[in-house]
Amino acid sequence: MEINFAHDVDNVLKQASQLNKPVLLDFSAAPM
Amino acid sequence: MWPDQRVVKFVNDNFLPARVHAKDDSALFQKFGEKYNAQWTPTILELDSAGVERHRIEGFLPADEFLAQLMLGRAQIAFSQQQWDEAERRFREIVERLPDTDAAPEALYWAGATAYKGSHDPSSLTKTAEAFRERYQDSTWAKKASVWG
């Protein structure tokens with residue numbers, strides 16, 4: 001199992017509002 | 001931090017996860033870095049459903065400490081929404097499951113504060129002060145709770 005991070009943050013914030021769900025926003029520089 | 005399966009499950013169960021990468025998403029990294037004043041990596045923000053920051057984790061943490069911080073942020077989101085029962089349950093879960101983490105004394109403090117907010121019963125604060133006389137005595141949170149009893 002892994003975390004499927006989205007990269008379209010604006011869309012995630014929009015979804016969060018619609019679903020009333022919190023967001024975890026990761027600012028990363030780790031190798032991908 | 002991220003490969004830990006407890007962390008993965010907690011994130012998937014509780015959040016919509018998003019990532020901006022300093023190199024691969026540099027424009028987004030700059031845009032949201034400015035919006036949320038994130039100038040270092042790793043920085044992990046826990047935002048409520050309105051996009052308001054409720055908790056910030058800066059720098060690497062071992063898995064237990066990281067999970068406890070994530071749980072603390074999620075509890076703070078419930079607190080900010082005045083969901084007192086849920087917030088108290090979440091704060092107490094940190095103390096019970098991860099008692100040796102730095103987040104635990106903070107969670108114990110906020111569990112007491114949340115219980116009081118939900119009940120207006122001052123004994124919630126007194127009991128919390130008593131609990132701090134038995135554990136986490138040297139923490140900042142014990143000092144903060146000392147006025148409660």
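**View 1. Helix 5 of chain B is mostly covered in this predicted model.** Of its 17 residues, 14 are buried. The helix runs over residues 103–119. From the first C-alpha to the last it reaches 24 Å, close to the 24 Å expected at 1.5 Å a residue. His120(B) follows helix 5 of chain B, and its phi is positive, near 60 degrees.

**View 2. Strand 2 of chain B is covered on both faces.** The strand spans residues 43–47, and 5 of its 5 residues are buried. In a regular strand the side chains alternate between the two faces of the sheet. Here Thr43(B), Leu45(B) and Leu47(B) lie on one side. Ile44(B) and Glu46(B) lie on the other.

**View 3. Strand 2 of chain B pairs with strand 1 of chain A.** Strand 1 of chain A comprises residues 23–28. The two strands run antiparallel and are joined by 5 bridges. Which residue of strand 2 of chain B is the bridge partner of Leu24(A)? It is Glu46(B). Glu46(B) is also one of the buried residues of strand 2 of chain B.

**View 4. Strand 2 of chain B forms a hairpin with strand 3 of chain B.** Strand 3 of chain B covers residues 53–58. It pairs with strand 2 of chain B in the antiparallel sense, over 5 bridges. Leu47(B), buried in strand 2 of chain B, has Glu53(B) as its bridge partner in strand 3 of chain B. Between the strands of the hairpin are 5 residues. In this hairpin, Gly51(B) takes a positive phi near 85 degrees.

Notes. Residues are numbered from 1 along each chain as its sequence is written. Chains are lettered from A and ligands numbered from 1 in the order in which they are written. This is a predicted model: local features need pLDDT of at least 70, side-chain atom pairs count only at pLDDT 80 or more; totals for chains, interfaces and linings use all residues. Helices (H or I, at least four residues) and strands (E, at least two) are DSSP runs, numbered from the N terminus. The expected span of a helix is 1.5 Å times one less than its number of residues. A residue is buried if 20 or more other C-beta atoms lie within 10 Å of its own, exposed if 12 or fewer, and partly exposed in between; C-beta atoms are placed from the backbone. Two strands pair if DSSP finds at least two bridges between them.
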